[in-house]
Amino acid sequence: WSSREAITETDGLKQTQSGRAQYNLANMYAHQKRYDEALATYEHVISLDPADRDSMPLYHAGQILLLKGNHSASAQYLERAVAGYFSPLMVNEEEIFHD
């Protein structure tokens with residue numbers, strides 16, 4: 001392989017139903033500032049996970065929409081990202097230590 005990007009892109013284009021391969025592809029696009037492709041790929045990952053078990057594609061899609069100035073669509077994705085039971089973006093109340 002010529003680069004890790006080549007591996008990521010090849011995997012993502014071949015494994016279109018793999019949430020992980022698609023998520024990695026979306027991350028690569030975002031890192032390369034190919035935001036339209038990244039957003040479309042994150043949205044595909046989200047469609048593969050209707051239970052919103054993984055909040056990170058929702059978070060990244062929301063961030064791209066925020067960057068593009070689409071605040072209402074961004075808010076919808078970001079609210080879903082923090083609302084899910086499996087969201088690493090929120091700390092459960094019992095995990096907060098009090099003085």
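## Two loop side chains and the largest pocket

The side chain of Asn70 comes to 3.3 Å from the backbone nitrogen of Ala73, in a model that is predicted. Asn70 itself sits in the loop that runs between α4 and α5 (71–83), and with a relative accessible area of 33% this residue is classed as partly exposed.

A contact to a backbone nitrogen is also found at Asp49, where a polar atom of the side chain lies 2.8 Å from the backbone nitrogen of Arg53. Asp49 belongs to the loop between α3 and α4 (55–67), and because its relative accessibility is 9%, under the 20% limit, Asp49 counts as buried.

The two side chains and their backbone partners are set out below.

| Side chain | Backbone nitrogen | Distance |
|---|---|---|
| Asn70 | Ala73 | 3.3 Å |
| Asp49 | Arg53 | 2.8 Å |

Both Asp49 and Arg53 also appear in the lining of the largest pocket, together with Gln17, Gly19, Arg20, Tyr23, Val45, Ile46, Leu48, Asp54 and Pro57. The elements that contribute two or more residues to this lining are α2 (19–31) and α3 (35–48). The space in the largest pocket amounts to about 150 Å³, and by residue class its lining comprises five nonpolar, four charged and two polar residues.

Taken together, Asp49 is a buried loop residue that lines the largest pocket and whose side chain has a polar atom 2.8 Å from the backbone nitrogen of Arg53, whereas Asn70 is a partly exposed residue of the loop between α4 and α5.

Key: Residues are numbered from 1 along each chain as its sequence is written. This is a predicted model: local features need pLDDT of at least 70, side-chain atom pairs count only at pLDDT 80 or more; totals for chains, interfaces and linings use all residues. Side-chain values use heavy atoms; hydrogens and water are left out. On a 1 Å grid over the protein atoms alone, a cavity is a set of points where a 1.4 Å probe fits but cannot get out, and a pocket is an open set with protein on both sides within 12 Å along at least five of seven lines; lining residues have an atom within 4 Å of a point. Grid points are joined across faces, edges and corners, and a volume is the space filled by probe spheres set on the points. Helices (H or I, at least four residues) and strands (E, at least two) are DSSP runs, numbered from the N terminus. Ala, Val, Leu, Ile, Met, Phe, Trp, Tyr, Cys and Pro count as nonpolar, Asp, Glu, Lys and Arg as charged, and the others, Gly among them, as polar. Buried means under 20% relative accessible area, exposed over 50%, partly exposed in between (1.4 Å probe, protein chains only). A polar contact is a pair of N or O atoms within 3.5 Å; within protein, one must be able to donate a hydrogen and the other to accept it, and residues adjacent in sequence count only if both atoms are side-chain atoms.
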